[in-house]
Amino acid sequence: STYYNKEVFFIKMKSLFAFGIDISNIGPKILYSQTEKNFIPINLRAGPSILINLDPYNSVTFMCDLNKLLVPTPDSSIKISDISVASGMFGSFSDAPGGTTEELHEIKYSAGVEYWYDKQLAFRAGYFYEHPTKGGRIFYTLGAGIKYSVFSLDFAYLMPASSNVKSPLANTLRFSLIFDFDALKNQNNTEEKTPIK
C-alpha cells in the first residue's frame, strides 16, 4: 500500500488532498469445497480525498473509492486450478469474456462526505454501487460520530437502494467505540509539563 497527502488551497481555503492505493489478501488458493482450490479475495482499492477547512471550527471531506477483485473472471471454459496466483492477479485486468465493458463492470464504486464541527461532532453520508451483473449491491449509508477527550463513538446506518439483492446488514444500526491511546499519552505528557501553581 501507499499513501500520499499534500496541503493545497481549494476554492481559496486551506485543504488537504490525499490519495491512497492498497492491495490486500495476497495469498495462495484455498479449498472452499471438496472439488478444487479457489482464489481468496485478493483486492485492489484506490481513491482520492480532499479535506476542506471551512473555518477554524468547520471542515468537510469528500472522498471516493474504486475497488476491484484481482481474481480471474468466472468462465466455464477455464479451469481455476490451472491458473497461478500471479497469473490470476495480472490477468484479472483483461480476462473478462465481455471485454473492456465487462472489466469496467467488475469495479465497485463508493463515494462519501464527512462533516466535522470543532473536531468533536461528525456527520457522514455515503453511496456504494456494484454493477447488477457482478453482484448488484447498491446502498446508501448515513453516520454520525462524537469525540470527547480520548473516547469516540461512531454510528452507521445502511439503507439498500436496490430491492434485487438483500443484504443482512440492510436497515441495521452499527456502532463503534474507539479509545485513542496516542491522545491519552499526549494528554499525560501535557499534564506533566504543566507547572503547579
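Biologist: Leaving aside neighbours within four places in sequence, which residues is L44 in contact with?

Modeller: Happy to start there, keeping in mind that this is a predicted model. With those sequence neighbours set aside, L44 is in contact with I21, D22, I23, L66, N67, K68, L70 and F93.

Biologist: Which residues make up the largest nonpolar core?

Modeller: The general idea is that nonpolar side chains in soluble globular proteins tend to be buried together. Here, the largest nonpolar core has five residues, namely I40, I42, L44, L70 and M89. L44 and L70 both belong to that core, and L70 is also one of the contacts of L44.

Biologist: Now for empty space. What volume does the largest pocket have?

Modeller: In general, rolling a probe the size of a water molecule over the atoms shows where empty space is left. In this model, the largest pocket has a volume of about 650 Å³. Its lining holds 26 residues, with S110, A111, G126, Y127 and T141 nearest the centre.

Biologist: Which strand supplies the largest share of that lining?

Modeller: That is β7, with six residues. Strands supplying at least two residues each are β5, β6, β7, β8, β9 and β10. By class, the lining of the largest pocket splits into 12 nonpolar, seven polar and seven charged residues.

Biologist: And how much space lies in the second largest pocket?

Modeller: About 280 Å³. Of its 18 lining residues, L51, N53, S59, W116 and K119 are the closest to the centre. β6 gives the most to this lining, four residues, while β2, β5, β6 and β7 each supply at least two. The classes here are eight nonpolar, five polar and five charged.

Key. Residues are numbered from 1 along each chain as its sequence is written. This is a predicted model: local features need pLDDT of at least 70, side-chain atom pairs count only at pLDDT 80 or more; totals for chains, interfaces and linings use all residues. Side-chain values use heavy atoms; hydrogens and water are left out. A nonpolar core is a set of buried Ala, Val, Leu, Ile, Met, Phe, Trp, Tyr and Cys residues joined through side-chain atoms within 4.5 Å. Buried means under 20% relative accessible area, exposed over 50%, partly exposed in between (1.4 Å probe, protein chains only). Contact means heavy atoms within 4.5 Å. On a 1 Å grid over the protein atoms alone, a cavity is a set of points where a 1.4 Å probe fits but cannot get out, and a pocket is an open set with protein on both sides within 12 Å along at least five of seven lines; lining residues have an atom within 4 Å of a point. Grid points are joined across faces, edges and corners, and a volume is the space filled by probe spheres set on the points. Ala, Val, Leu, Ile, Met, Phe, Trp, Tyr, Cys and Pro count as nonpolar, Asp, Glu, Lys and Arg as charged, and the others, Gly among them, as polar.
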